[in-house]
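Me: I would like to go through this two-chain model with some care, taking the contact between the chains, the sheets and a few single residues in turn. Please state the cut-offs as they come up.

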Amino acid sequence: MKSETTETLDKYAIDKYKYGFVTDIEADRPKKGLNEETIKFISKKKDEPEWMLLWRLNSFKKWLKMSQPEWANLKIPDIDFQDIYYYSAPKGFEKKPKDLSEVDPKLIETYNKLGIPLQEQKVLAGVAVDAVFDSVSVATTYKGELEKLGIVFCSISEAVKSHPDLVKKYLGSVIPPGDHSYSALNSAVFTDGSFVYIPENTKCPIELSTYFRINAEETGQFERTLIIADRGSYVSYLEGCTAPQRDSNQLHAANVELIALDDAEIKYSTVQNWYPGDEDGKGGIYNFVTKRGLCKGKNSKISWTQVETGSAITWKYPSCILKGDNSIGEFYSVAITNNYQQADTGTKMTHIGRNTRSKIISKGISLGNSQNTYRGNVSFLRKSAKARNYTQCDSLLVGNKCGAHTIPYIDSKNNTAVVEHEASTSKINEDQLYYCRQRGLSHEEAVSLIVNGFCKQVLQELPMEFAVEAQKLVSISLEGSVG
Amino acid sequence: MIFLNINNLNVTIDGKQILRDFNLNINLGEVHAIMGPNGSGKSTLANVLAGNEDYEVKSGKIIFKDQNLFDLNIEERAQLGIFLAFQYPVEIPGVNITPFLQASLNSRLKNQNKEEVDNLDFAKILRSKAQELGINSEMLKRSINTGFSGGEKKRYEILQMSILNPEFAIFDETDSGLDVDALRIVTEGINKFKTNNNSFLIITHYQKLLDYIKPDFVHVMRDGSIVKSGDISLASEIEESGYKNF
């Protein structure tokens, strides 16, 4: 039995990445390197107001004084920040095209290949898409329909100009530029991303979605997303990502801020499938992402769901600050690492208000030679009377060369807080496979069933269309080049 | 048709010989029991029949339903109608029995060129079989064998058998770790499932199990081969004076 299992596991260890193509399109970029000139170049390209440029430059000054965070359980090679392009846009994107007829057909084809049609009539019913290609937003669909409800869904570059008051008020209010070096970096050079505003008592009738694509070589992608849900509103937002297959590593350092006012709810789902590198660990995206939600108002709710299968290195902790009384924070995560991928991911739940509740469900799956760490921080501040947290962290190991680590921190300054923590580490072992096969299932069916069963609790949190997609992605991440 | 014929089977594991010139013939509709002391090779026999690749078959032949078993891997044998009720059924956290057993059943139906069952029909089958066996519906919501007691695990094996409907079921020391009540429930399940169109191989250490399931043949195994065959009276003989006379 050993030989066959090893063979199958080895097959799984070779990932197949079907999004690895490059679109051959002429790009407009500044010189490599990070300095005031680069920042001014970006700001000018985006035709930004003065205050935005100053904000960027201030962030840059902070970045200069900061060093990279080093506490994660990751081996991160030195990143030469002067050897990266900080902006890349398909030629002719000084102004965002008014409609798709002005967009280079090559770009539209790229998104079609990725399965993200931009023509509205073809867009999945009920999903509005904002597509970001390298540093610029290519198209936002369904915009008109949403405007009728007072919902703003556009690129952040546009919002800086069209809704400066909202941007000024909230940008950096949840993730201050000086939070850590990657937030300072992003604040200095962010290029594009989405902006969403849901007015009072409005339930956004469709899923809002952003699709990020890194295309140009040696280019960093620094997306910035800001979502504001006003009192009593609701929005569900989805995010997907891919990148071409390259030998060199690329940097992606995003900042996402969510703000939920009284009785508002934001559901944020991510399927992250950046290029993970090849089976020897060459290439792949460095995914250093800061995502933080503020439950500002009472009875507000923010729910993060993520399926992380890509990237060479993932460093990501979608968090919730539970400020409003009775507010709720949730984090559901599946992180799959294969080959030489490394992931250090988890969440931070900060309970400030009374009766605040948080729930963390984390599922880590390690294959090949990969390392997968859950890192969580649950804290209860002095006034968080009767706050509660439930945490469940499960790890699944496939093979015997990978590692799973669970690092939960709990910090309570209020003695009425209640914390529950459950953790498990299990292995798909020979006996389980033998058992499944004795009941007539093939090796692959058995592994896929065991892993999907393991992730089910999280996958069922995803919106319908996404859940099916995510399930497929999970199977692909396992299958490798099964022929 | 030859149902099951094991001819001069020699099997080793890690270079150590376990089965020596082992012979056994089972016809459709028969219940055979194999008894023997620890280390006599009983569980090896069960695992070799199921296709466990940890064992090395040195020589000999097994014919099942006119097919050479050594041409088939574990899942192909299962699909052909071999069911092994494990001595220690393994826990599979997070996997519910419904999708698991539905996939199992469909792999078997496909092998028989029959139409596969859909989710709805399968849920009905599962519920009615569970009811028949006195398994409550709460248990069906749990993960396979996870946190089950010894008795619950064995009842789960019986449930799977009755749904997969194999022609040949092997019970590997099913009685180990069961109290009298659990043993009665499990054996009732086996008796209910028994027809003229299926056969059983019951591997056990004690006679107790055979009080509930009446085998047609009893074989005594020692050092890798059958040393004596007879009827149920052989089991009583062992109960009285142990294995020392064999």
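The questions and replies below follow that order.

Reply: This is a predicted model, in which local features need pLDDT of at least 70 and side-chain atom pairs count only at pLDDT 80 or more, while totals for chains, interfaces and linings use all residues. Residues are numbered from 1 along each chain as its sequence is written, and chains are lettered from A and ligands numbered from 1 in the order in which they are written.

Me: How many residues of chain A are in contact with chain B, and which helices of chain A each supply at least two of them?
Reply: Two residues are in contact if their C-beta atoms, placed from the backbone, lie within 7 Å. On that basis 19 residues of chain A meet 24 residues of chain B. Helices and strands are DSSP runs numbered from the N terminus (H or I with at least four residues for a helix, E with at least two for a strand). The helices of chain A that each supply at least two residues of the side touching chain B are α9 (430-438) and α10 (443-459).

Me: Is α9(A) mostly covered or mostly open, and which of its residues are buried?
Reply: A residue is buried if 20 or more other C-beta atoms, placed from the backbone, lie within 10 Å of its own, exposed if 12 or fewer, and partly exposed in between. By that count α9(A) is mostly covered, with seven of its nine residues buried. The buried residues are Q432(A), L433(A), Y434(A), Y435(A), C436(A), R437(A) and Q438(A).

Me: Where is the kink in α10(A) centred?
Reply: The expected span of a helix is 1.5 Å times one less than its number of residues, so the 17 residues of α10(A) should span 24 Å, and the 23 Å between its end C-alpha atoms agrees with this. The bend at a residue is the angle between axes fitted to the seven residues ending there and the seven starting there. In α10(A) there is a kink of about 35°, and its centre is G453(A).

Me: In the open sheet of six strands in chain B, which strands stand at the edges?
Reply: Two strands pair if DSSP finds at least two bridges between them. The order of this sheet in chain B is β6-β9-β10-β3-β11-β12, with mixed pairing. Because each edge strand has a single partner, one side of each is left without a neighbour in the sheet, and these strands are β6 (82-85) and β12 (225-230) of chain B.

Me: Within that sheet, which residue of β11(B) stands opposite I34(B)?
Reply: In chain B, strand β3 (residues 31-35) and strand β11 (residues 217-222) pair in the parallel sense over four bridges. The residue of β11(B) that stands opposite I34(B) is H219(B).

Me: Which strands of the four-stranded open sheet in chain B does helix α1 touch, and what angle does its direction make with that of β2(B)?
Reply: This sheet has the order β2-β1-β4-β5 in chain B, with antiparallel pairing. Helix α1 (residues 42-50) of chain B packs on the sheet and touches β1 (4-13), β2 and β4 of chain B. Axes are lines fitted to C-alpha atoms, for helices over the stretch in contact, with angles running from 0 to 180 degrees between N-to-C directions. The angle between α1(B) and β2(B) is about 70°.

Me: Is L19(B) buried or exposed, and how far from R222(B) is L19(B) in space?
Reply: L19(B) lies in strand β2 of chain B, and L19(B) counts as buried because 26 C-beta neighbours lie inside 10 Å. Not counting residues up to four places away in sequence, L19(B) touches L9(B), N10(B), V11(B), G41(B), T44(B), L45(B) and G224(B). L19(B) and R222(B) are 203 residues apart in sequence, and their C-alpha to C-alpha distance is 9.5 Å.

Me: In the hairpin of β1(B) and β2(B), which residue takes a positive phi?
Reply: Seven bridges join β1(B) to β2(B), which run antiparallel, and in this pairing I6(B) has L24(B) as its bridge partner. The hairpin has two residues between the strands, and the positive phi, near 50°, belongs to D14(B).

Me: Is N113(B) buried or exposed?
Reply: N113(B) is found in the loop between α3 (97-111) and α4 (119-132) of chain B, and its phi is near 55°, a positive value in a residue other than glycine. Because N113(B) has 6 C-beta neighbours inside 10 Å, N113(B) counts as exposed.
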